[in-house]
Amino acid sequence: MKLKHFTFLFLLLCFSFSCQKNEVSKATVKQELLIDLTKLNNEIAQFQQLVSQNSAQKEIISQFKKSRLAYKKVEWAIEYFIPETARFMNGPALDEMELEENRSFEPHGFQVMEEMIYPEYTSESKEDLIRELNIFQSNIKQLKSTFEVITISDDYVLDAIQQNVFRVIALGITGFDSPILQSSIPEAGESLTSIPETLEKINPQNKSVSQLKQLTRNAQKYCTENNNFNAFNRAIFITEYLNPISKKLKAFQQEENIKNVKKSSPLKPTIETLFDKDAFDVNAFVLSKEYNFTKEKAILGEKLFYDKSLSKNNDRSCATCHNPEKAFTDGMKTNISLTGINLPRNTPTLTYASLQNAQFWDMRQLDLEKQSVDVIQNKDEMHGSMENIHAKIQLDKEYVKLFKKAYPKTTKPEAWQIQNAIASYVRSLNAFDSRFDEYMRGNKNALTQEEIEGMNLFMGKAKCATCHFTPLFNGTVPPSYSKTEHEVIGTPNEPSGKSLSSDKGRYIYNQMPQLVGAFKTPTVRNAAVTAPYMHNGVFRTLEEVVSFYNKGGGIGLGYQVENQTLPFDKLNLTVKEEKAIVAFMKALTDKKYQ
């Protein structure tokens, strides 16, 4: 009896100590964040002083860079815990739009300030710059207030740090948040310093922490020694520095028995790196749980996809315009309507279409279910009737059997299940098995030297990856992947570039001036087999596409595109560099199409 009593007391003391230790680690992480925010505030105050004193541009730019480095130290926590504020501290210098409310908000933060101080800084910018700095300080104050009251548990800390590694890969080293000064490389190194420092607050004795110290130190050293933005070798930095850090973070989590954060996220919590074959969860993009992907639904959806009886005259199926041999495109500039006239837009690939938050070029539908019914019922495309299709299916024994397998909880096929099954088939079309994927998973022979050069250009000098985000290479924004972006690039109406496309894109459905000519950013994966390109199929080859961007898009061609989101300065790519970028894009082709 005494032994049992002693054992109970011992366990109680251990539990109490464990709770105290965890509470201490939480408090310490929080305290460190508040200290770092104070340091950031001090840098901004110094920035304000220099501006107020009419200091030279060189001094102002130097202090701007110091301020950004201070921000990078705490970015992992701000972006994760308070993303709404982060958007107005280090988001793109573009209006933030709420389409449901039909309103927009002007941008604030570092990227807005960057445009004010470089390449030219004039006295006219002083008042606006001080205003931006005041707003920035208000945001810091808000961050401090929020961090003081929220609970920051170990599982959220680890999830936030891991997301920040992915942020460095997909945004940090591409120039996404330093588009003009291109100070991204030293900033990437600085953002990694918080990893071992923060994990030490959880358990300083853990072996993985000391290993992470060395790994991050090596990564910082690489950034310091190779800080030229255009020459930086992103292929090496990701595979030899960032991926090992990412794997070691997962090891630390397992060693400390830290649970995964329960949330609906496109990135699966079990992944070791951003480039794991099964890194992305298509169920994060579905309407609700009953719409979740299953193999049985995909099998049923495939049969429906190739069934011509879904069209009014039984002469068209989904596969008529989405040919599986062409990565589910049709190879035409634009397809032909049922009445024999040209449709206005190019047929996009269905591969990786499930990993985005909007469908169609104009993003008018948010999910694949609505996309499928939109096409089936469109009088120019299939002119089918979902009501008639549903009635036919209920009389087809083979279909009824497949529906029963796919939806065992229902007694007979339901109308919504038709859409969900087709969408499920589309959700099965993400292979992630290109030579690029092999390279990122450790096969150093998977890419040629030219393709590696092309990757570094794509993610660097050519600025492609600031819109086509790694590794999806579409407009779904990492690392949360909760939003899919559009761009206004000034696409011409013909290859010669004599006139601008008259298609107004998203503006047709949301009449805001920023959306005139705005189109969804599609994936570049499988681009080698999905020609022609752009919303109107204007370019026949990838070479033509790269040349268009090299010239600065529509404005670079001389068009009046006041709301162009694409940088309109010439990229100054050489012929050799353009060729390398095309070679890299071809390396994004899935095995099935190679």
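Here is a short chat about a few helices and salt bridges in this predicted model.

Trainee: Are helices α19 and α21 parallel, perpendicular or oblique to each other?

Mentor: Start with the axes: those of α19 (residues 542–550) and α21 (residues 575–586) come within 10 Å and cross at roughly 125 degrees. Angles of 65 to 115 degrees count as roughly perpendicular and those over 145 as roughly antiparallel, with the rest oblique apart from those under 35. So the word for α19 and α21 is oblique.

Trainee: How many residues in the contact of α19 with α21 are nonpolar?

Mentor: On the α19 side, look at Leu542, Glu543, Val546, Ser547 and Asn550; on the α21 side, Glu578, Ile581, Val582, Met585 and Lys586. Among these residues two are polar and three charged, and the nonpolar ones number five.

Trainee: Is Ser424 buried or exposed?

Mentor: Ser424 sits in helix α16 (residues 415–426), and it touches Phe293, Lys297 and Ala298, leaving aside residues up to four places away in sequence. Its relative accessible area is 0%, and under 20% counts as buried. So Ser424 is buried.

Trainee: How far apart in sequence are the parts that Lys259 and Asp155 tie together?

Mentor: Their side chains meet in a salt bridge, at 3.3 Å from N to O. Lys259 lies in the loop between α10 and α11 while Asp155 is in helix α6, so the parts they tie together are apart by 104 residues.

Trainee: Which partner in the salt bridge of Arg131 and Glu132 is buried?

Mentor: The two side chains meet at 3.8 Å, N to O. Arg131 is partly exposed at 37% relative accessible area. At 2%, the buried partner is Glu132.

Notes. Residues numbered from 1 in each chain as written. Predicted model: local features only at pLDDT ≥ 70, side-chain atom pairs only at ≥ 80, totals over all residues. Heavy atoms only, no water. Axes fitted to C-alpha atoms, helices over the stretch in contact; angles between N-to-C directions. Helix = DSSP H or I, 4+ residues; strand = E, 2+ residues; numbered from the N terminus. Contact = heavy atoms within 4.5 Å. Nonpolar A, V, L, I, M, F, W, Y, C, P; charged D, E, K, R; others polar. Buried < 20%, exposed > 50% of the residue type's maximum accessible area, 1.4 Å probe, protein only. Salt bridge = Lys/Arg side-chain N within 4 Å of Asp/Glu carboxyl O.
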